[in-house]
Amino acid sequence: GGCRVDIIDVRNPANPVPLSKAILNGKGDGLSVCTFDGKTYLYAATGQHSQNVPVETAFNDPRYGQGNGLDIFDVTDPTKPIWQSTTKIDGRFYCPANDYWEAEISKAPDGRIYAYFVNSHNGVYALDVTDPKAVKRLMNIDIVVPKTAPRYRVWPHPVRAVLYPYNQREFTK
């Protein structure tokens, strides 16, 4: 929830040593760390809101529900994470109970590296992250819930509004 990943040396679990922080473009969710060709990368899935959205006026803030994405950092030197890129999904989505993203990484036999960025309501995004500074979106499998579905709703909350589930076609007309 702090829009960051804390990098900690835990080689001695009895004495963990904070090393650095990778500042994210949204609230931190799932992450993967992988080493390819001698470089180590942090793939951090983000959700909910972009940085510094004030709670009091959140729903009217254009960053509300816009934190969903994937941030990539070079953490070869864990004391100095280097931001590589940020990829965002389309549109707004926020549900405090279910807005959680995961990032999984795989390397194909041809050497290309892929990130699978998933959420239970927004579907699956497949990204080519072979060049972490020039991420390419390959596909998205949408999960569209019709307005007639029993759990479809958009309602105001005493502090924040909940957009659930996000249907891009309806919210971008």
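1. Buried means under 20% relative accessible area, exposed means over 50%, and partly exposed lies in between (1.4 Å probe, protein chains only). R11, at 74% relative accessibility, therefore counts as exposed. Its salt-bridge partner is D9. D9 has a relative accessible area of 16%, so it is buried. The closest N and O atoms of the two are 2.5 Å apart. A salt bridge here is a side-chain nitrogen of Lys or Arg within 4 Å of a carboxyl oxygen of Asp or Glu.

2. On the basis of the note: this is a predicted model, in which local features need pLDDT of at least 70 and side-chain atom pairs pLDDT 80 or more, while totals for chains, interfaces and linings use all residues. Residues are numbered from 1 along each chain as its sequence is written, and side-chain values use heavy atoms, without hydrogens or water.

3. Start with the sheet β3-β4-β5-β6. It is open, has four strands in that order, and its pairing is antiparallel. The edges are β3 and β6 (82–88), each of which pairs on one side only. Twist from one strand to the next averages 20 degrees. Strands are DSSP runs of E, at least two residues long, numbered from the N terminus. Two of them pair if DSSP finds at least two bridges between them.

4. Look at β4 (residues 39–47) within that sheet. Eight of its nine residues are buried, so under the cut-off above the strand is mostly covered. On one flank is β3 (residues 27–36), which pairs with β4 in the antiparallel sense over eight bridges. On the other flank is β5 (residues 69–74), also antiparallel to β4, with six bridges.

5. The turn between β3 and β4 deserves a check. The two strands form a hairpin with two residues between them. D37 sits in that turn and has a positive phi of about 50 degrees. F36 has K39 of β4 as its bridge partner. Further along the pairing, C34 stands opposite Y41 in β4.

6. Y41 also leads across to β5. There, its bridge partner is D74. The side chain of D74 meets that of K39 in a salt bridge, at 3.3 Å from N to O. The pair links distant parts of the chain: D74 lies in β5 and K39 in β4, 35 residues apart. How accessible are the two, D74 and K39? D74 is buried because its relative accessibility is 7%. K39 is partly exposed, at 38%. K39 thus appears twice in this account: as bridge partner of F36 and in the salt bridge with D74.

7. Now the second sheet, β7-β8-β9-β10. Four strands form an open sheet in that order, and the pairing is antiparallel. Its edge strands are β7 (101–107) and β10 (136–141), each pairing on one side only. Neighbouring strands are turned by 20 degrees against each other on average, direction ignored. For both sheets, axes are lines fitted to C-alpha atoms, and angles run from 0 to 180 degrees between N-to-C directions.

8. In the middle of that order are β8 and β9. Strand β8 spans residues 113–119 and β9 residues 123–128. They pair in the antiparallel sense over six bridges. A115 stands opposite L127 in β9. On the edge strand β10, I141 is a residue to inspect. It counts as partly exposed because its relative accessibility is 46%.

9. What does D128 meet in a salt bridge? The partner is R112, and the N to O distance is 2.5 Å. This pair, too, links distant parts of the chain: D128 in β9 and R112 in the loop between β7 and β8, 16 residues apart. D128 is at 6% relative accessibility and so counts as buried. R112 is at 29%, which means partly exposed.

10. A last point on charge pairs. How many salt bridges does the rule give? The count comes to five. Among the residues involved are R4, D6 and K21, which are linked in a network. The pairs discussed above are D9 with R11, D74 with K39, and D128 with R112.
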